[in-house]
Amino acid sequence: MSGLDMIRSAVGNTFRSKTRTILTVLAIFIGAFTLALTSGVGTGINRYIDTTVSSIGSNDIMVVTRTAENTSDGPAKYEPDTRNVASQTASPGTTVRAITTGELDDIAGVSGVTSVDPALAIRPDYVEYNGGTQYQVSFAGFPGGTKLNLAAGADPAPGTSKHEVAIPVEYVDALGFTSDSDAVGKTVTFGVTDQTGGSTTIDATIVGVAQPGLVGTSSLTANDSLTKALYDAQSVGLSDASKNSYASVTVHFDPSDSDAQISTIKGDLKALGYDATTVKDQIGLFKTIIDAIVLVLNGFAVIALVAAGFGIVNTLLMSVQERTREIGLMKAMGMGGGRVFGLFSLEAVFIGFLGSAIGVIGAILAGTALNGVLANGLLSALPGLSLIAFDPAPIAVIILVVMSIAFLAGTIPALRAARQDPIESLRYE
Amino acid sequence: MPVPVLAARDVKKSYGRGAARFDALKGVSIDIEEGESISIVGKSGSGKSTLMHLLALLDKPSTGAVELSGRDAGALGGRVLNRTRNQTFGFVFQQFFLTPNTSVLDNVTLPLRIAGVSGAERRRRGMEALERLELADKAKNKATDLSGGQKQRVVIARALVNEPRVIFADEPTGNLDTATGAVVEEILFDLNRRTGITLIVVTHDEDLAAKTDRSVFIRDGLIVDRSGENA
């Protein structure tokens, strides 16, 4: 029997007992539907993370902090000439030993590091436009080179002496602008109180309006010259040593560095007593968590599919039973056992294909409908997030996985059919 | 002397072992010439069906040999054996073994499908076989919608479609009334006379057996003469 005939016969046989086939397909449909939907959630969230990655930072920087002292053998000894600053990464209130100016040079000396910028913690009191209402502000502690998810304008440019700032969408109305694009180009004023209690103001130009993202939904983003100006203003009255103590610094490296080169840089920094985290590491953590959750959900779907697999075994065993005579006849007429096995396996695979294809299509339809509902409801605060997204590759993988589960389930009945003795099958008394 | 198309050489076949051992055939030799019609006659349990299964290469003898055109069939491997059965033999069973819910044409072309013949060729030869049995107008009907006589004619068409050298007919008229049975018998003997297909009829019906060129009587696993004495 030729391959095409085998497939045609298998497909034809599948529909001979329609009710039974439909019920089995339904069981697989449920599993495949769930699997497609859960992996769709994974794809959707990861895709959203990828598009908002750039608002967290660019791909040629790592954030360097001092490695925490090992306190398992009691508290660390105080060393003179060291300072503590509020930690930016550990729990609130925690302090870490600061990185000082002299140590910046050590970090800059590490091979592969192109430049070092201390992360300046800036905390202006307010922002106002044209003498209007003053609003509280916070700045995202994101390092330079950041790319924002912009509603209007451009990213604040590094390396210029101009003071540039990007504001989140929610400040547009509050500050009295008529639209996102209206705000671009306008000058806002930041008020800063220094360490002696004196107040100063610093002007900056709005160059961009940022969409809220996964992080920093209400933070402003300043370019390096504005950051420096604000930091200098708030540090008036501090000793140089205090001013030049940083909880973390940003290290730039060549964006074309390979993963191996990056890990060498990390290793060298580790040897100096610093922990380095690239943007990829931070995103990686997000993704690892999302992937783990999706994996658990997929696990449930796979359990449903395994149950459906037993449905296939059952269906085909009944089919083999019913078609004993037919199998016997085909074998008497010279059909080999391998071909008989193939015929029933193909039938199982086809049932698996039907169930998974319909399940995946159903999941895509349901996911699209659900996205529409969620975008206007629960998730309206996160524009651009479609919770459920579908990529061709995972969809194809799901269909293939279901088909192979079906094939495995089909082997038991198919073997039974293949081993059937034609004489026994054709006996009648 | 021509080489017999099928021959059994002192064939024995037993099932089970020890106390449960049952000897279905106790040493049978038979020569079947190309083009003859022969009946294997015996009661139920005589061993006639076992002999047919051995001659049709569906089973292997415990001892002895079955020869196909003078060559020992026991030496054939699985694949060759399957192909030989497909190309050399046609089967007509008492119970028709038609696949339900499948068209008459598809039923008839089953041996060709197994042989891997292409769709168009299959259709042509299937229709040809159906025309010979005056069933061409029923080609698209479901096999289960036919009368008993029509079904048996479909079965004969199926046995013929691969142009076999030998047709095995196991109680071909057992399920038919006398008139229809007579028609089916006529078709089988006509095929044998006109196309020279070797016809092997297995039956307990002595009237049917009498219409073949010669009859072989089997009782308790041995060939006997007509009166029942050991031959």
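Me: What does a domain bound mean here, and how is chain A divided?
Reply: Domain bounds come from an automatic or database domain assignment. The model is predicted. In it, chain A is divided into domain 1, made of 3-54 + 286-425, and domain 2, which covers 60-278. Domain 1 is thus written as two stretches of chain A.

Me: How many Å separate the centres of domain 1 and domain 2 of chain A?
Reply: Taken over C-alpha atoms, the centres of domain 1 of chain A and domain 2 of chain A are separated by 51 Å.

Me: Where does UniProt place the feature "transmembrane region" in chain A?
Reply: An unreviewed UniProt entry puts this feature at residues 21-45, 292-319, 340-373 and 393-415 of chain A. Such annotations may be inferred rather than shown by experiment. The model can be read alongside the record. Residues 21-45 of chain A are 100% helix and 0% strand, with end C-alpha atoms 36 Å apart. Residues 393-415 of chain A are also 100% helix and 0% strand, and there the end C-alpha atoms are 32 Å apart.

Me: Now strands. What is the order of the four strands in the open sheet of chain B?
Reply: Strands of a sheet pair through backbone hydrogen bonds, either parallel or antiparallel. In chain B the order is β2-β1-β4-β5, and the pairing is antiparallel. At the edges stand β2 (22-32) and β5 (71-72) of chain B; each has a single partner strand, so one side of each is left without a neighbour in the sheet. One pairing can be followed in detail. Strand β1 (residues 6-15) of chain B is joined to β2(B) by eight bridges, and B:Leu6 has B:Ile32 as its bridge partner in β2(B).

Me: Which strands of chain B pair with β3(B) in the parallel sense?
Reply: Strand β8 (residues 198-203) of chain B pairs with β3(B) in this sense over five bridges. Strand β9 (residues 214-219) of chain B does so over four bridges. B:Val41 can serve as a marker: it stands opposite B:Thr203 in β8(B) and opposite B:Phe217 in β9(B).

Me: Is β3(B) mostly covered or mostly uncovered?
Reply: Here a residue counts as buried when its relative accessible area is under 20%. Strand β3 (residues 37-41) of chain B is mostly covered, with five of its five residues buried. B:Ser37, B:Ser39 and B:Val41 point one way, while B:Ile38 and B:Ile40 point the other way.

Me: How many residues of strand β9 of chain A are buried?
Reply: In β9(A), residues 187-193, five of the seven residues are buried. Strand β6 (residues 126-128) of chain A pairs with β9(A) in the antiparallel sense over three bridges, and A:Val127 has A:Phe190 as its partner in β9(A). Strand β10 (residues 199-210) of chain A also pairs with β9(A) in the antiparallel sense, over seven bridges; there A:Thr193 has A:Ser199 as its partner. The hairpin of β9(A) and β10(A) has five residues between the strands, and A:Gly197 takes a positive phi near 100° in that hairpin.

Me: Which residues other than glycine have a positive phi?
Reply: Most residues other than glycine have a negative phi, and most peptide bonds are trans. B:Leu57 and B:Glu134 are two cases with a positive phi. B:Leu57, with phi near 60°, lies in the loop between α1 and β4 (63-68) of chain B. B:Glu134, with phi of about 55°, is in the loop between α5 and α6 (148-160) of chain B. Their surroundings can be read from accessibility. B:Leu57 is buried at 6% relative accessible area, whereas B:Glu134 counts as exposed at 65%.

Me: Why is helix α1 of chain B described as largely enclosed?
Reply: Seven of the eight residues of α1(B), residues 48-55, are buried, so the helix is largely enclosed by the rest of the structure. Among the buried residues are B:Lys48, B:Met52 and B:His53.

Me: What lines the second largest cavity?
Reply: A cavity is a space where a probe fits but cannot get out. The second largest one has a volume of about 70 Å³. Its lining consists of B:Arg125, B:Glu128, B:Ala129, B:Arg132, B:Leu160, B:Val161 and B:Glu163. Helix α5 (residues 119-132) of chain B gives the largest share, four residues. By type, the lining divides into three nonpolar, no polar and four charged residues.

Definitions and conventions: Residues are numbered from 1 along each chain as its sequence is written. Chains are lettered from A and ligands numbered from 1 in the order in which they are written. This is a predicted model: local features need pLDDT of at least 70, side-chain atom pairs count only at pLDDT 80 or more; totals for chains, interfaces and linings use all residues. Side-chain values use heavy atoms; hydrogens and water are left out. Helices (H or I, at least four residues) and strands (E, at least two) are DSSP runs, numbered from the N terminus. Two strands pair if DSSP finds at least two bridges between them. On a 1 Å grid over the protein atoms alone, a cavity is a set of points where a 1.4 Å probe fits but cannot get out, and a pocket is an open set with protein on both sides within 12 Å along at least five of seven lines; lining residues have an atom within 4 Å of a point. Grid points are joined across faces, edges and corners, and a volume is the space filled by probe spheres set on the points. Ala, Val, Leu, Ile, Met, Phe, Trp, Tyr, Cys and Pro count as nonpolar, Asp, Glu, Lys and Arg as charged, and the others, Gly among them, as polar. Buried means under 20% relative accessible area, exposed over 50%, partly exposed in between (1.4 Å probe, protein chains only).
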